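Please open the structure in a viewer and keep the sequence panel visible. The tour proceeds by selections, each followed by a description of what is found there.

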Amino acid sequence: MIIKEVIDLIEDFAPTKYAEDFDNIGLLVGDSSTEVSGALITLDTLEATVDEAIAKNCNLVISFHPIIFSGLKKLTGKDYVQRTILKAIKNNIAIYAIHTALDNQYKGVNDMICEKIGLKNRQILIPRKNSIKKLTTFVPCQDSETVRDALFAAGAGSIGNYDNCSFNVIGKGSFKGNEDSNPVIGKKGEVHYEEESQIGITYSAHLESKILKNLFKAHPYEEVAYEIHSLENNNQHLGMGMIGELETETDEKTFLNQLKETFKTGCVRHSKLLNKPIKKVAVLGGSGAFAINNAKAAGADIYITADLKYHDFYKAEEKLVLADIGHYESEQFTKNLLYSFLSKKISSFALILADTNTNPIHYL
């Protein structure tokens, strides 16, 4: 199995189209046509991670965070980023990072946090915009089922827990081919009227090229008539953060102590306790100060995230409790998520969870 095939599996699970614009994801180091001897799955890629990959005969490191985040102008080994990249290159080890593409997945980073806390009735906290499109095409009635099935096979028509969703209207289409045409139905130079089915179908934006390929392959006409529109609808299965409910409400201190134990963090920094029970919980792995207002608007009793600054805690405004459990701690189970997914898909080489602890923060 080559690296490109592994990448395709990962990106089918977490399409890179939905990564944030600021991010740097994908294959950062290496040749995608290289045969994989083993893959080390980690949260961060550091020199120690590359050393572990070498020791365990892994020539691919699958990392959540990208080791290259901003542009590199030199590779002299002057800092930890350059040293890591140089060591990977010298030892023919490829590095792939997925980061915010996985953050935005329904079954991604934040779902893992919810799972560890035991939240039910989970929903995306900040649903993704501009990620749903609609295709409208016109097909002779006798061919409509074939075209619909081809679109469904490419992933079109999937809405939440439902698939094979479409809307169909019967009408009459007209066309006249010129001298260079080769009409499947009717004759060139003559106006032809045909009973057609108008098929309307929605799809996730990252599937567009595959859907259009299937449309053109299945459609009988020489010239395929179709329209594509971007929808304003929020995607309820894609976006940042999550919110859910505890099975049983609990008091604030008990819940915070449970967080400390579950995520093995040296401390939980939090805003003023409100002496109210905790039932509705919002979460966002990594740096999540930008979503404080979203958590308040969603009616959360507590918002769990990381990297909150001094003035961020004021934003609680006694509407909810803010809890900072640490960046590494909030995302530490992400490598387990990737391992679980890939282990169901790959059996041709070893998948290994990294033992290297890459948390740069220590507590007294």
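Select Q105 together with F13, A14, P15, Y18 and L238: apart from neighbours within four places in sequence, these five are the residues with which Q105 is in contact. Q105 itself belongs to the loop between α4 (100-103) and α5 (109-117). The model is a predicted one. Is Q105 buried or exposed? Its relative accessibility is 14%, and since the limit for a buried residue is under 20%, Q105 counts as buried.

**Helix α3**

Next, select residues 80-90, which form helix α3, and highlight its buried residues V81, Q82, T84, I85 and A88. They lie on the same side of α3, because the arc they cover around the axis is only 160°. To see what covers these buried residues, add β1 (26-29), α2 (47-55) and β4 (94-97), which are among the covering elements.

Centre the view on T84, a residue of helix α3. Its relative accessibility is 0%, and T84 therefore counts as buried. With neighbours within four places in sequence left aside, T84 is in contact with T45, L46, E47, V50 and I67.

Now inspect the two ends of the helix. At the N-terminal end, D79 acts as a cap, with a side-chain oxygen 3.1 Å from the backbone nitrogen of V81. Just after α3, N92 adopts a positive phi of about 55°.

**The five-strand sheet**

Display the open sheet with the strand order β1-β4-β3-β2-β15, in which the pairing is mixed. β1 and β15 (350-353) are the edge strands; each has a single partner strand, so one side of each lacks a neighbour in the sheet. From one strand to the next, the twist averages 25°. Within this sheet, select β2 (residues 38-42) and β3 (residues 60-63), which pair in the parallel sense over four bridges. A39 can be found opposite L60 in β3.

**The four-strand sheet**

Move to the open sheet ordered β7-β8-β6-β9, where the pairing is antiparallel. Here the edges are β7 (167-175) and β9 (226-230), each with a single partner strand, so one side of each is left without a neighbour in the sheet. Direction ignored, neighbouring strands of this sheet are turned by 25° against each other on average. Select β7 and β8 (residues 192-204): they run antiparallel and are joined by nine bridges. One pair to display is N168 with its bridge partner in β8, I199.

Add helix α6 (residues 144-153), which packs on the sheet and touches β6 (132-140), β7 and β8; its direction makes about 15° with that of β8. Then add helix α7 (residues 208-218), which lies across β6, β8 and β9 and runs at about 165° to β9.

**Strand β13**

Finally, select residues 302-306, strand β13. How many of its five residues are buried? Five of the five are, so β13 is largely enclosed by the rest of the structure. I302, I304 and A306 point one way from the strand, whereas Y303 and T305 point the other way. In a regular strand, side chains alternate between the two faces of the sheet.

On one flank, β12 (residues 278-287) pairs with β13 in the parallel sense over four bridges, and V281 has I302 as its bridge partner in β13. Follow the chain from β12 through helix α9 (residues 292-297) to β13 to trace a right-handed β-α-β crossover. β13 also pairs in the parallel sense, over four bridges, with β14 (residues 321-324); there the bridge partner of T305 is D324.

Note on methods. Residues numbered from 1 in each chain as written. Predicted model: local features only at pLDDT ≥ 70, side-chain atom pairs only at ≥ 80, totals over all residues. Heavy atoms only, no water. Buried < 20%, exposed > 50% of the residue type's maximum accessible area, 1.4 Å probe, protein only. Helix = DSSP H or I, 4+ residues; strand = E, 2+ residues; numbered from the N terminus. Arc of directions from axis to C-beta. Contact = heavy atoms within 4.5 Å. Polar contact = N/O pair within 3.5 Å; in protein donor to acceptor, adjacent residues only side chain to side chain. Pairing = 2+ DSSP bridges. Right-handed = clockwise from strand over helix to strand, strands pointing away. Axes fitted to C-alpha atoms, helices over the stretch in contact; angles between N-to-C directions.
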